[in-house]
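Here is a note on the model, set out as numbered points. Please read it with the coordinates open.

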Amino acid sequence: MSFSIPKTIAILERTPNILSSMLQNLPTEWVSCNEGPETWSAFDVIGHLIQGEKADWMIRTKIILSDKADKSFEVFDRFAQFKTSQGKSINDLILEFASLREANLEELKSLGISETDLKRTGNHPALGAVSLRQVLACWAAHDLSHIAQISRVMAKHYKEDIGPFVQYLRIMS
């Protein structure tokens, strides 16, 4: 499958509903479980996705599309959610994420990005030159990766309880 903005948006616009269906109104122990020290729970992941909506994807897109000579990206704080999500519920986070994502996708659609624009580049603080195509493709892949992560973390909550069935479930290893 080749990259296209409509195919990318098709994934990005579904993520909030997927996460809402998976997590909304679940008991806290489901959304707060993780895989051990320095790993993330579903709650942490949603907070991280919110930070991406605020400080990553669209900001970097606009930098690439700008006429500025300096197209350097700011370093993204991958751990900001541990502070910014404090005192919120999973339902609060899901609603905030959905609202931010909807606004970002409306803005993305309004930009009228061309094939030429997709080749334009910005400067990632760790990776160097990256194209707009790469940023947008990464945005969708990032969503899918975190959906898989949430599923894995939640499945492992029952690892001990499934007994010998563990050998049939690759998600447990």
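**Notes on the model**

1. Glutamate 35 has a relative accessible area of 31% and is therefore partly exposed. The structure in question is a predicted model. Glutamate 35 pairs with lysine 156 in a salt bridge, in which the closest N and O atoms are 3.0 Å apart. The two residues are 121 positions apart and link distant parts of the chain: lysine 156 belongs to helix H9, while glutamate 35 sits in the loop between helix H3 (28-32) and helix H4 (42-55). Lysine 156 is likewise assigned to the partly exposed class, because its relative accessibility is 26%.

2. For orientation, the overall layout follows. The chain has 9 helices and 2 strands. Read from the N terminus, the order of elements is α-α-α-α-α-α-α-α-β-β-α. Along the principal axes, the C-alpha atoms occupy a box of roughly 55 × 35 × 30 Å. The chain has 173 residues, of which 41% count as buried. Among contacts with a separation of 6 or more, 73% are between residues 24 or more positions apart.

3. How many salt bridges does the structure hold? The count is 13. One of them joins aspartate 143 to arginine 101, with 2.6 Å between the closest N and O atoms. Aspartate 143 is in helix H9 and arginine 101 is in helix H7 (residues 90-110), so this pair ties together parts 42 residues apart in sequence. Are aspartate 143 and arginine 101 buried or exposed? Both are buried. Elsewhere, Glu13, Arg14, Glu106 and Lys109 are joined into one network by salt bridges that share partners.

4. A further salt bridge is formed by lysine 88 and glutamate 96, where the closest N and O atoms lie 3.1 Å apart. Lysine 88 has a relative accessible area of 32%, so this residue is partly exposed.

5. The packing of helix H2 (residues 15-23) on helix H9 (residues 132-156) has an angle of about 10°, and the axes are 11 Å apart. The two helices are therefore roughly parallel, since angles under 35 degrees fall in that class. On the H2 side the contact is made by Thr15, Ile18, Leu19, Met22 and Leu23, and on the H9 side by Asp143, Ile147, Ile150, Ser151 and Met154. By type, the residues of this contact comprise 7 nonpolar, 2 polar and 1 charged. Asp143 thus appears in two points of this note: it belongs to the H2-H9 contact and also forms the salt bridge with arginine 101.

6. Tryptophan 139 is also in helix H9. Its relative accessibility is 0%, so tryptophan 139 counts as buried. Which residues does tryptophan 139 contact, leaving aside its neighbours within four places in sequence? They are Leu12, Glu53, Trp57, Met58, Arg101, Asn104, Leu105 and Leu108. Arg101 is therefore a contact of tryptophan 139 as well as the salt-bridge partner of aspartate 143, with which it links helices H7 and H9. By contrast with these contacts, the C-alpha atoms of tryptophan 139 and lysine 83 are separated by 23 Å, the two residues being 56 apart along the chain.

7. Two backbone values deserve a look. Most residues other than glycine have a negative phi. Asparagine 25 has a positive phi, near 65°. This asparagine 25 is placed in the loop between H2 and H3 and is exposed, with a relative accessible area of 62%. Glutamate 38, also not a glycine, has a positive phi of about 60°. Its place is the loop between H3 and H4, and glutamate 38 counts as exposed because its relative accessibility is 83%.

8. How many disulfides does a search of the whole structure find? The result is 0. As for individual cysteines, cysteine 33 is buried, having a relative accessible area of 10%. Cysteine 138 is partly exposed, and its relative accessible area is 39%.

Terms used:
Residues are numbered from 1 along each chain as its sequence is written. This is a predicted model: local features need pLDDT of at least 70, side-chain atom pairs count only at pLDDT 80 or more; totals for chains, interfaces and linings use all residues. Side-chain values use heavy atoms; hydrogens and water are left out. Axes are lines fitted to C-alpha atoms, for helices over the stretch in contact, and angles run from 0 to 180 degrees between N-to-C directions. Helices (H or I, at least four residues) and strands (E, at least two) are DSSP runs, numbered from the N terminus. Angles under 35 degrees count as roughly parallel, over 145 as roughly antiparallel, 65 to 115 as roughly perpendicular and the rest as oblique. Contact means heavy atoms within 4.5 Å. Ala, Val, Leu, Ile, Met, Phe, Trp, Tyr, Cys and Pro count as nonpolar, Asp, Glu, Lys and Arg as charged, and the others, Gly among them, as polar. A salt bridge is a side-chain nitrogen of Lys or Arg within 4 Å of a carboxyl oxygen of Asp or Glu. Buried means under 20% relative accessible area, exposed over 50%, partly exposed in between (1.4 Å probe, protein chains only). A disulfide is a pair of cysteine sulfur atoms within 2.5 Å.
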